[in-house]
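Biologist: Could you take me on a close look at the side-chain contacts in this model, starting with the aromatic rings? I would also like to hear about charges, surface patches and backbone details.

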Amino acid sequence: AARDLDVGSNSVQAYHITPENEYFSVSFGGPVTGKKSVELVLEKPLDREEEAELDFSVIAVDGGSPPRSGTTQVHIVVLDVNDNAPIFTQEEYIGKVLENLPEGSVVLTVVATDRDAGINGDIFYEFRQAMDQSDSAFAIDPKSGELRVTKSLDFETADTYELSVRAKDGGGLSAQCKVLVKVLDVNDNAPELVVSSFSSPLPENSVPGTVVALFSVRDRDSGANGKISCALEDQLFFSLRPAYKNYYELVTVSALDREETAQYVLIVTAADAGSPPLTTTHTFTVDISDVNDNAPVFNQTSYTMYVRENNVPSVLVGAVSAADADVGLNAKLTYSLSPVQRARQPSCSCISVNSENGHVFVLRPLDYEQMRQTEVIVSASDSGSPPLRANVTVHLVVVDENDNAPVVLYPAQDSSPASSELVPMSAEAGYLIAKVVAVDADSGQNSWLSYHLLRATEPGLFAVGAQSGEVRLRRPVTDRDPVKQKLIVLVRDNGQPPLSATAALSALLLKDFSDVRQPLSSPATEDEGGSLTTYLIISLVFVSLLFLISTVAFIAHKVCKRKELKGGHVLYGADNLPSGLADAAAAGTLPHGYCYEISLTTGSGNSEFKFLKPILPSLPPQHCALGSATNDERAFPCVPITTEDVTPDNAGTLSAEQFN
């Protein structure tokens, strides 16, 4: 109210607002009513959002003349009332994000406005339902309205998210909008390969085109990221063949051989068309099962085994070995002996083979002199169906052992007394007395013979050729040397240990052959064997009868001989041996009758002569049919040798000189 000191009509009479407005007016009782208060009356509702403050003047006017007035300024502040709800800038928000967007990234921002002020104008954002926010992959900032990713997105799980966001002011008014988030596909899924069927092991005789595996491929991505192509790294024996839709077949394209490759490792690669492309590999391990298509093979084309003669029974001499490229029962080998196909080669029952390991045994002792080598056929058979087999020849060579001692052929070492060789006293050193001939049934170095003088009456008088067996004078004969000489020659082979035999012979040293006599018999001879004495008696009787019957012929023969004696030939009979040789006869060294033809030349200092030993002791003494010896001939003993003495086995061991 305004105060005026004047009274009456000069006091305050009226109030008015200037400038006038439609919202306020002044109410004054006036002097009539007697009311002195002044009221500012709101005539029309205010709207803070349109005009938050009003300024005007209230003027009080008195009734004087001239009238006087007083003015006061009125400032009206319109207080807010929550009469405006929040309003979003868009009814629907659409956002697009990649599925590999990192957590916490902002997808979009929702914006809402509220015309109210203060707390009534403060807006808070939230999802319409609390459960949406807990389950959703997004979160919204309550003040800024930013929509953020709270966990990884997966296009293959959900490609679209539809959210409802509410904006609420402090007065409780709210508004809502729809948010649509579209997830864009990223090539983050590699192709998947699913095997429907797989056959392993696979027989090696499978025909080309055999299906080994059937599989399908898929990719959870979309578009180009979901397009798949398959490839096989090794296409030499296998290949991929499309079946239907996204199915593929793994098939064989050529013949298989387990012996060359027992296992195939096949790698199938599935790749998508993304950028960069993702691939998946799957490994098929195909085992090849064996088929009995390989026969056994021996590690040698033939075997040569050696066994020493006189072996112990069931001795192991070697082993055959075969291999089969197959496996399992197809490679299990059994060894056996097969009959020899040659008709001339008899089968040998002395050889056996172990059926499991191929060891070869000799079942009984062998004799090199009876069988030097033999051969058998060993067969190796597998256990496949049908079984396959292979054969190999095994040569068994018998190795000689020194199990045969030398055999003396000359001089004969039977029960008959040893022969005596006649040696002239005039013989020089190197004079050939006799030749010892021996053979050995063994072979190789076991049959190499050497001759040694083992014992002699006068060891320094004789020498024996180590290789030839010739008995020669080492020095000239002297008068001090005994007339009767006994020699024992040792014949030894070269085996280990060496075996030996002895040959006994005797020699008579004669000064002159003009008075040679040979006793018909002696007590020693009779003691050596009664049968020999009987033969001598029969021979003498036969000679006497022949002498009586052929007297005339004998006289004529004597006449002829006397003519020959005048020519320098001397005949020594069985009854005119000098008495100096009686001891030799008594010793039994000259048990048989001998016929000697001595050819002497007048005035010759050397005497060459030949001796012929009769084959049958019962024959009478006769002239040797050798003819007259020349001055240059050397005396050699004429030894009768029968066909039994020279055999194919020892003929090769005699030299030409020995054989003659």
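Modeller: Happy to; here is a walk through the aromatic pairs, then the salt bridges, the surface patches and a few backbone details.

A word on the ground rules. This is a predicted model, where local features need pLDDT of at least 70 and side-chain atom pairs count only at pLDDT 80 or more, while totals for chains, interfaces and linings use all residues. Residues are numbered from 1 along each chain as its sequence is written, and side-chain values use heavy atoms, with hydrogens and water left out.

Let's begin with the rings. A pair of aromatic rings is described by the distance of the centres and the angle of the planes. Rings of Phe, Tyr and Trp (for Trp, its six-membered ring) pair if their centres lie within 6.5 Å; planes under 30 degrees apart count as stacked, over 60 as edge-to-face and the rest as tilted. By that rule, the structure holds twelve aromatic pairs. In one of them, Phe138 and Tyr161 have ring centres 5.1 Å apart and planes at 80°, so this pair is edge-to-face. The contact links distant parts of the chain, 23 residues apart: Phe138 sits in strand β11 (residues 138–140) and Tyr161 in strand β13 (residues 160–169). Strands and helices here are DSSP runs numbered from the N terminus, with at least two residues (E) for a strand and at least four (H or I) for a helix.

How covered are these two side chains? For the wording, buried means under 20% relative accessible area, exposed over 50%, and partly exposed in between, with a 1.4 Å probe and protein chains only. Phe138 is buried at a relative accessible area of 1%, and Tyr161 counts as buried at 19%. Another pair brings together Phe298 and Tyr303, whose ring centres are 6.4 Å apart with planes at 75°, so that pair is edge-to-face too. Phe298 counts as buried at 10% relative accessibility, and Tyr303 counts as buried at 4%. Elsewhere, Phe198, Phe215, Tyr248 and Phe284 form one aromatic cluster.

Now for the charges. A salt bridge is a side-chain nitrogen of Lys or Arg within 4 Å of a carboxyl oxygen of Asp or Glu, and a search of the whole structure finds 16 of them. Among them is the bridge between Arg218 and Glu192, at 2.7 Å from N to O. This pair also links distant parts of the chain: Arg218 is in strand β17 (residues 211–218) and Glu192 in strand β15 (residues 192–198), 26 residues apart. Glu192 counts as partly exposed at 28% relative accessibility. Glu249 and Arg241 meet in a salt bridge of 2.7 Å, N to O; here Glu249 counts as buried at 19%, whereas Arg241 counts as partly exposed at 36%. Arg48 forms a salt bridge with Glu49, their closest N and O atoms being 3.6 Å apart, and both Arg48 and Glu49 are buried. Together with Asp80, Arg48 and Glu49 are linked in a network of salt bridges.

On the surface there are patches to look at. Patches are made of residues with over 30% relative accessible area and no salt bridge, like charges being joined within 9 Å and nonpolar side chains (Val, Leu, Ile, Met, Phe, Trp, Tyr) within 5 Å. Glu50, Glu51, Glu53 and Asp55 gather in a patch of negative charge. Of these, Asp55 is found in strand β4 (residues 53–62) and is exposed, with a relative accessible area of 53%. A nonpolar patch is formed by Ile537, Val541, Leu545, Phe547, Leu548 and Ile549, with about 630 Å² of accessible area together; that area comes from the Shrake-Rupley method with a 1.4 Å probe. Val541 is found in helix α4 (residues 530–549) and counts as partly exposed at 46%.

Finally, the backbone. A cis peptide bond joins Ser200 and Pro201, with omega about 5°, and Pro201 is in the loop between β15 and β16 (202–203). Another cis peptide bond joins Ser385 and Pro386, with omega about 0°; Pro386 lies in the loop between β30 (373–382) and β31 (389–399). Asn310, a residue other than glycine, has a positive phi near 65°. It is found in the loop between β24 (302–308) and β25 (315–319) and counts as partly exposed at 46%. Ser314 has a positive phi near 60°, lies in the loop between β24 and β25 and is partly exposed at 44%.

Notes. Lys and Arg count as positive and Asp and Glu as negative; His and the chain ends are not counted. The place of a charge is taken as NZ of Lys, CZ of Arg, CG of Asp or CD of Glu.
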